[in-house]
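Student: I have just opened this structure and would like a close look at a single part of it, the inside of the fold. Could you take me through that part and then show me how the rest fits around it?

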Amino acid sequence: MLALAALWLQDVIVPYSMPFWGLFDNQLDLDVYRAGAQTVLDGKKLYDVKLLGQMDYTYAPISIPFFIPFALMSFDEARIVWSVGILVALYLVIMLSFRSLGRPPSWRLRTIAVSLVAIVMLLEPVRTTIWYGQINVFLMLLILVDLTRDDDSRLRGVGTGLAAGIKMTPLIFGLYLVIVGRWRAVAGLAAGFVGSIVLGFVIMPKAALKFWTARIFDSNRVGSPQSVGNQSLRGWLANITDTDTPSTTIWLVLVLAASGIGMYAAYLAHHRGNELLALTMVGMTGCAVSPMSWGHHWVWFVPLTVIGVDLLLRADTSTRRRLLVAAGLVAMLLAAFSWRPHYDHAIWFVLRSVPDGYMIGLFFKTGIGWLQWFTIFPYGPIFAVSAVATIIVYRPVRVGPDTPERSGVGGRR
């Protein structure tokens, strides 16, 4: 019933049949991926041309082979395959998350997972991932498959290194692996990352040289810091101070603070047996400290949702904790919900003029001036509260002769 209600509510937010603004009627970023692949197939310079008239290609050359099959399809065929792929990836992320929390697969669990796919689609990061045709869900799945495997796996870390070779932000998981002392996985990540760079030079030497020596340092190619929807600390600072050049010193202080709290929470969760929570905290930390994080980068809310649902389903969860978890899930849903401001006049949106606008995300609701510190960056408080809650729950407890050591909560059983 909840899944059907979520699908109905999705249609209320923006009707599925709405031209351009409907959930499956845009996929602009997928079209950019296809255009980048087609540029390479045509023998042109990938990082010198404007794709679709004004878009830059921002991923490393190793990503191109993954997009070539979609360039060979028609756009309509490509976006159907890509959208179905996102939904399947969401289901796999949810099932993998439950498995990491110690729940064996069952038909009941699969039914819950399908329902959760429909529910998390109401979150702005997931909805815009589908609507733009973004890649982040696939990268998250690759990282979770890689880093939730057994510690003695020789390939642990390689998949995350490949993800970092495509899009740099997963490199933060290397810092996490160093902190928790998973040296074999650190070596695997380094091998996967370096291997992806080498392979990029093999298949596209000139483009690889340009990307790794010049383009990689130009964060403004992704967007200006003050862009509405830049859900990073730098974006918050730029928007709150109304400048496209926020103070680097203040930003770095915020980055250090966020990195410290996020990594400490991940460290505690890891040592208390909840690897999924640890990885989720690292993923959210990466989004917070990155110079540019669009809303759809925060797909780490999906495993965070699973962690909350798992606690609600557990028989050993106390009533007090169940109420706190339920309140936290509701608060996260409200902060990350696909809130819809509607502009009933013509607007220019990326590449075209449209007769009206259906913008998605709480950060577009700027009517309450005194609350803008929150509404322009609602994902920051979600990250901060999650990190603090993790630290409180998993904080070290001195074990005396009459005090049993506290077991992990929601970890692998």
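Tutor: Happy to! Let's start at Phe 301. Leaving aside its neighbours within four places in sequence, Phe 301 is in contact with Leu 123, Pro 125, Met 284, Met 332, Ala 336, Tyr 379 and Ile 382. Please keep in mind that this is a predicted model, and that the contacts come from its atoms.

Phe 301 belongs to the largest nonpolar core, which has 111 residues. Within that core, Phe 301 is one of four residues that touch the most other members, and its companions in this are Phe 173, Tyr 176 and Trp 298. There is also a second, separate core, with 19 residues. Among its members are Ala 6, Trp 21, Leu 28 and Ile 347.

Two of those well-connected residues take us to helix H9. This helix covers residues 172-179, and its buried residues are Ile 172, Phe 173, Gly 174, Tyr 176 and Leu 177. So what lies over them? The cover includes helix H7 (136-147) and helix H8 (158-166), along with helix H10 (183-203), helix H13 (248-271) and helix H14 (275-289). If you follow the chain just past the end of H9, you come to Gly 181, where phi is positive, at about 75°.

Positive phi values turn up elsewhere too, and here is a useful bit of background. Most residues other than glycine have a negative phi. With that in mind, look at the loop between helix H1 (2-13) and helix H2 (28-41), where Phe 20 lies. Phi of Phe 20 is near 70°, a positive value in a residue other than glycine. Phe 20 is buried, because its relative accessible area is 11% and the cut-off for buried is under 20%. Gln 27 has its place in the loop between H1 and H2 as well. Its phi is positive too, near 55°, and Gln 27 is not a glycine either. The relative accessibility of Gln 27 is 0%, so Gln 27 counts as buried.

Another buried residue to find is Ile 112, in helix H5 (residues 107-120). Its relative accessible area is 18%, so Ile 112 falls under the 20% limit for buried. Not counting residues up to four places away in sequence, Ile 112 touches Phe 98 and Leu 313. You can also look from Ile 112 to Tyr 91: these two are 21 residues apart in sequence, and their C-alpha atoms are 9.9 Å apart in space.

Now let's turn to residues with more open surroundings. Helix H3 (residues 64-71) contains Pro 65, which counts as partly exposed at 39% relative accessibility. From Pro 65 to Leu 144 is 79 residues in sequence and 22 Å in space, C-alpha to C-alpha. Val 388, in helix H18 (residues 379-394), is partly exposed too, at 37% relative accessibility. Between Val 388 and Leu 51 there are 42 Å from C-alpha to C-alpha, and the two are 337 residues apart in sequence. Met 1 sits in the segment before H1. Its relative accessible area is 82%, so Met 1 is exposed, the cut-off for exposed being over 50%. The C-alpha atom of Met 1 is separated by 49 Å from that of Trp 212, which is 211 residues away along the chain.

Finally, step back to see the whole chain. The protein chain has 18 helices and 4 strands. Its radius of gyration is 21 Å, close to the 22 Å that the globule rule gives for 413 residues, so the chain is as compact as a globular protein of that length. Along the principal axes, the C-alpha atoms fill a box of roughly 70 × 50 × 50 Å. Of the 413 residues, 52% count as buried. Contacts also link distant stretches of sequence: among those between residues at least 6 apart, 67% join residues at least 24 apart.

On the outside, the chain exposes about 18,800 Å², and carbon and sulfur atoms supply 66% of this area. As for charge, there are 34 positive and 24 negative side chains, and the centres of the two sets lie 6 Å apart.

Notes. Residues are numbered from 1 along each chain as its sequence is written. This is a predicted model: local features need pLDDT of at least 70, side-chain atom pairs count only at pLDDT 80 or more; totals for chains, interfaces and linings use all residues. Side-chain values use heavy atoms; hydrogens and water are left out. A nonpolar core is a set of buried Ala, Val, Leu, Ile, Met, Phe, Trp, Tyr and Cys residues joined through side-chain atoms within 4.5 Å. Buried means under 20% relative accessible area, exposed over 50%, partly exposed in between (1.4 Å probe, protein chains only). Contact means heavy atoms within 4.5 Å. Helices (H or I, at least four residues) and strands (E, at least two) are DSSP runs, numbered from the N terminus. The radius of gyration is taken over C-alpha atoms; the globule rule is 2.2 Å times the number of residues to the power 0.38. Accessible areas come from the Shrake-Rupley method with a 1.4 Å probe; for residues, only the protein chains shown count as cover. Lys and Arg count as positive and Asp and Glu as negative; His and the chain ends are not counted. The place of a charge is taken as NZ of Lys, CZ of Arg, CG of Asp or CD of Glu.
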